[in-house]
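Biologist: I am new to this structure and would like a close look at a single part of it. Please take the model below and go through that part step by step.

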Amino acid sequence: MSTYVMSDLHGCKEEFDAMLRIIEFSEYDELYIIGDVADRGRKPIPLYLDILAHPNMHLIMGNHDAWLLKYCDALIEEKRNPGSLYRSQDFLIWIIRNGGFITVDQYLDLPFPSCYDIKTYLEEVPLYQYLTIKGKKYLLVHAGLNNQYNRNTNIATVSEDVLLWSHIDLEDNPYPDVTMIVGHTPTFLYGDEFANKIAKGLGNPIYHIDCGCVFGYSLGCLRLDDMQEFYNKSTYPKTIE
Ligand SMILES: [Mn+2]
């Protein structure tokens, strides 16, 4: 039995399914997805339905998942009463600038029970997760905490905005005794040498695992039992250099 982490699937269901085959994922393994199943890629809603059908797949909240949750009620109402949806500036920023259109489109096409399944699932998704594997402590959080925080910071007191939206530096981890695992900032943004790879900080232990799949780079996966890395090439064109 092994424990795996991935992040920032962003609708990349083909790459996700292929990765499950690469790691030979079974019902005896556990998978933690560190946020951002929604938006940008081709199949965000089928990915959610797949994840919530697997009791051994666990989602941690990402800013894009939180965006969908925020609008679930309004979208369900829109299905019931077409034309009722108020397109706030925040909603438009989500669907136009941040790839939310495809998520909204697929969500509106679902039967009502599946809309509620996704909504009630997302309501229970945590902002962060501690794990202990082979005596080693891990903190899984979508965007992470930068070094303005310190080893005494109780993460429960840190705002959702910080945990979901910050872009932290490669070396940022305020906790010397905890290996932090984050997504959110694709690793190619830390420098060409990190493109398509999981990036590690050299100080307090941190792994950045969003390898930029939906931007045409790679899907990365880390096995926490032995820190083995797995990769799968993206089927998407490169949209950011
Ligand atoms: Mn994100």
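Biologist: Does Asp36 count as buried or exposed, and at what relative accessibility? Please continue from there to the surroundings of Asp36.

Modeller: The model is predicted, not experimental. In it, Asp36 has a relative accessibility of 2%, and because anything under 20% is called buried, Asp36 counts as buried. Asp36 is one of the protein donors of the manganese ion, through OD. The other donors are Asn63 through OD1, His142 through NE2 and His184 through ND1, and the four lie 2.1 to 2.2 Å from the ion. Along the sequence the donor residues follow the spacing D-x26-N-x78-H-x41-H. Asp36 and His184 link distant parts of the chain, being 148 residues apart. Asp36 sits in the loop between β2 (30-33) and α2 (44-52), whereas His184 sits in the loop between β6 (179-182) and β7 (199-201). His184 is buried as well, with a relative accessible area of 9%.

The strand before the Asp36 loop, β2, leads on to a sheet. This is an open sheet of 5 strands with mixed pairing, in the order β3-β2-β1-β9-β10. Its edge strands are β3 (57-59) and β10 (228-233), each of which pairs on one side only. From one strand to the next the twist averages 20°. β2 runs parallel to β3, and 3 bridges join them. Within this part of the sheet, Tyr32 stands opposite His58 in β3.

On the other side of the order, β1 and β9 pair in the antiparallel sense over 2 bridges. There Tyr4 has Arg223 in β9 as its bridge partner. Arg223 also has a bridge partner in β10, namely Gln228. β9 and β10 run antiparallel and are joined by 6 bridges. These two strands form a hairpin with 4 residues between them, and Met227 in the turn has a positive phi of about 55°.

β9 is largely enclosed by the rest of the structure, because 6 of its 6 residues are buried. In a regular strand the side chains alternate between the two faces of the sheet. In β9, Ser218, Gly220 and Leu222 point one way, while Leu219, Cys221 and Arg223 point the other way, and all are buried.

Helix α1 (residues 13-22) lies across β1 (3-6), β2, β3, β9 (218-223) and β10. The helix runs at about 140° to β10.

Conventions. Residues are numbered from 1 along each chain as its sequence is written. This is a predicted model: local features need pLDDT of at least 70, side-chain atom pairs count only at pLDDT 80 or more; totals for chains, interfaces and linings use all residues. Side-chain values use heavy atoms; hydrogens and water are left out. Donors are N, O and S atoms within 2.8 Å of the metal (3.2 Å for Na, K and Ca); water is not among the atoms, so sites may look incomplete. Buried means under 20% relative accessible area, exposed over 50%, partly exposed in between (1.4 Å probe, protein chains only). Two strands pair if DSSP finds at least two bridges between them. Axes are lines fitted to C-alpha atoms, for helices over the stretch in contact, and angles run from 0 to 180 degrees between N-to-C directions. Contact means heavy atoms within 4.5 Å.
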